[in-house]
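Please walk me through this model in the viewer, one selection at a time, and tell me what I should find at each stop.

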Amino acid sequence: MIPRGAPHEAVRPPCAALGLACSAVVGITAVSGAQAFAASGTGTGTGSTAATAFPPLDPAALQAAIETRPSDNASGAVALVAEPGQVWKGSTVDSQTGRKIPENAHFHVGSISKVFETAVILQLAAEGRIDLDQTVQHYMPGLLPDTFDPITVRQLVNYTSGLPNVDEGKPPASADETIADRYDYRTFDQIIQQTLRPDDRRPAPGPHFTPGTEQEYNSLGFRIAGKLIEQTTGNSFKDEVTARILKPLHLNQTSVPEDDPVMPRPYLHGYMTDDSGRAVDTSEQGGDPSNMISTTADLDHFLTALLQGRLLPAAQQNELFTLPEDTEGKLVPFVGGTACNKVACFGAGLMSTPLPNGTLLWGKTGHDDGYANGMFATRDLSVHAVYSTSNLGLDFGAPTPLANRLLTAVLAPATSHG
């Protein structure tokens with residue numbers, strides 16, 4: 001069970017941070033041909049962007065990878081995988097309706113919206129309108145209780161703020177409660193205040209650590225960053241993301257619905273299992289101003305443009321791939337879970353996930369009620385992929401089996417049939 005309004009992410013083991021089951025991925029190293037994969041970047045700074053060799057895409061292996069299995073706790077999926085000169089798109093049957101899911105189906109992207117938000121913050125920094133080294137307390141006096149040390153804007157988006165998480169301390173909701181409340185919508189201010197100054201007699205949460213000294217997955221920092229975007233520009237989060245990213249990149253199938261629950265068609269139906277074990281369609285839902293809806297093709301286009309440097313100047317682009325370090329130049333520890341192998345693996349917005357051969361994937365996962373998603377790529381775009389599954393469970397921290405199978409089908413397609 002999870003608190004309603006809790007972060008749509010949870011920390012997971014290193015490979016699982018992108019929805020991957022580590023043990024299965026590690027096994028790829030024994031597969032013939034895996035040694036041909038070259039490293040695509042280092043953990044910090046700019047890293048290498050030398051071309052990485054991957055096997056040609058195998059459509060049969062990719063389709064087999066996304067087919068829903070009983071152990072997946074999912075009802076269907078859509079996916080896109082690309083290599084230079086090759087693009088594969090696939091989908092499954094919706095097990096609840098028996099109908100084939102369109103390959104261009106829309107879905108709620110969950111915390112993948114954090115990457116869009118980070119791009120806007122970094123654009124405002126490039127324009128001199130936000131200073132990444134300036135504090136939240138400077139820009140928004142009184143927003144944080146006095147128990148919090150100064151937190152910089154950079155620390156909000158690279159997960160080193162030490163802030164508590166959204167609705168921390170709130171009793172967990174049952175499946176039925178989560179489903180019944182799925183239309184709830186809260187502004188950035190409401191989320192921030194209800195978390196930091198709760199009025200239901202639960203204690204107000206305090207800082208988890210001194211800002212900048214550790215890294216921990218956090219969603220409250222991005223709600224504060226969203227408020228900062230709106231305060232700085234005088235426009236809504238929706239308007240800024242639309243004007244700065246969606247329109248320039250012609251992401252015509254991506255939207256920021258705010259409090260409109262209606263799904264654009266066609267769409268991947270999201271389901272959650274209620275307390276009686278029945279699958280309930282939760283495709284229409286509320287959330288907050290940063291909620292987004294997209295497709296595999298649009299998210300792939302966005303991630304490609306981002307990694308190509310088409311959205312940010314070089315200095316701000318480098319923030320995406322710079323992992324936070326301590327005063328001695330060592331990566332700060334990752335706390336609050338087992339992700340990142342105990343040391344920082346998030347840059348600004350994006351997460352790095354090492355494969356056994358040293359290749360790094362950069363990307364982000366995201367969960368909303370009924371949806372589990374991911375987008376990832378090597379920095380040189382030798383391979384890039386996006387997937388969304390209709391996730392029946394409440395455990396947003398659980399690895400997505402489809403993601404591991406999809407990656408295996410990319411790295412070692414000959415072993416992934418059946």
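Two residues are said here to be in contact when they have heavy atoms within 4.5 Å of each other. The model is a predicted one, and the tour begins at a residue for which that definition is needed.

**First stop: D149**

Select D149, which lies in the loop between α4 (136–139) and α5. Leaving aside the neighbours within four places in sequence, D149 is in contact with Q137, T210 and P211. The relative accessible area of D149 is 42%, so this residue is classed as partly exposed. If L163 is added to the selection, the two C-alpha atoms are found 10.0 Å apart in space, while D149 and L163 are 14 residues apart in sequence.

**Next stop: helix α3 and what follows**

Select residues 113–126, which make up helix α3. This helix of 14 residues reaches 20 Å from its first C-alpha to its last, close to the 20 Å expected at 1.5 Å a residue. How many of the residues of α3 are buried? The count is 13 of the 14, and α3 is therefore largely enclosed by the rest of the structure.

Now move on to G128, which follows α3 and has a positive phi, near 75°. With E127 and R129 displayed, a salt bridge can be seen between them, the closest N and O atoms being 3.6 Å apart. E127 has a relative accessibility of 43% and so counts as partly exposed, and R129, at 38%, is likewise partly exposed. Adding E240 and R244 to the view completes a network of salt bridges that links E127, R129, E240 and R244.

**Next stop: salt bridges between helices**

Side chains of opposite charge can pair when their charged atoms come close. The count for this model comes to twelve salt bridges, and two that join helices are worth selecting in turn.

Select E319 and R154, whose side chains meet in a salt bridge at 3.0 Å, N to O. E319 lies in helix α11 and R154 in helix α5 (residues 153–157), so the pair ties together parts that are 165 residues apart in sequence. Is E319 buried or exposed? With a relative accessibility of 17%, E319 counts as buried, whereas R154, with a relative accessible area of 23%, is partly exposed.

Then select D189 and K227, which form a salt bridge with their closest N and O atoms 3.0 Å apart. Here the link runs between distant parts of the chain, from D189 in helix α7 to K227 in helix α8, 38 residues apart. D189 is partly exposed, with a relative accessible area of 36%, while K227, at 18% relative accessibility, counts as buried.

**Next stop: aromatic rings**

A search of the whole structure finds eight aromatic pairs. Select Y217 and F346, which form a tilted pair with 5.7 Å from centre to centre and 55° between the planes. This pair links distant parts of the chain, since Y217 is in the loop between α7 (188–196) and α8 (220–233) and F346 is in the loop between α11 (314–321) and β7 (351–354), 129 residues apart. Both Y217 and F346 are buried.

Keep F346 selected and add F334: these two rings form a stacked pair, 6.3 Å centre to centre, with 25° between the planes. F334 and F346 both belong to the loop between α11 and β7, where they are twelve residues apart. F334 has a relative accessible area of 4% and is buried. With Y159 and F222 also shown, one can follow the ring pairs that link Y159, Y217, F222, F334 and F346 into a cluster.

From this cluster, turn to K114, which lies over the face of F222 at 5.5 Å from the ring centre. For another charge placed over a ring, select R379, which lies over the face of F321 at 3.7 Å from the ring centre.

**Last stop: the disulfide**

A disulfide is a covalent bond between the sulfur atoms of two cysteines. Which residues are joined by a disulfide in this model? Select C340 and C345, which are joined with an S to S distance of 1.9 Å; a search of the whole structure finds one disulfide. The link of C340 and C345 is left-handed, with -45° about the S-S bond, and both C340 and C345 are buried.

Notes. Residues numbered from 1 in each chain as written. Predicted model: local features only at pLDDT ≥ 70, side-chain atom pairs only at ≥ 80, totals over all residues. Heavy atoms only, no water. Helix = DSSP H or I, 4+ residues; strand = E, 2+ residues; numbered from the N terminus. Expected span 1.5 Å × (residues − 1). Buried < 20%, exposed > 50% of the residue type's maximum accessible area, 1.4 Å probe, protein only. Disulfide = S-S within 2.5 Å. Phe/Tyr/Trp six-rings, centres within 6.5 Å; stacked < 30°, edge-to-face > 60°. Lys NZ or Arg CZ within 6 Å of the ring centre and 35° of its normal. Salt bridge = Lys/Arg side-chain N within 4 Å of Asp/Glu carboxyl O.
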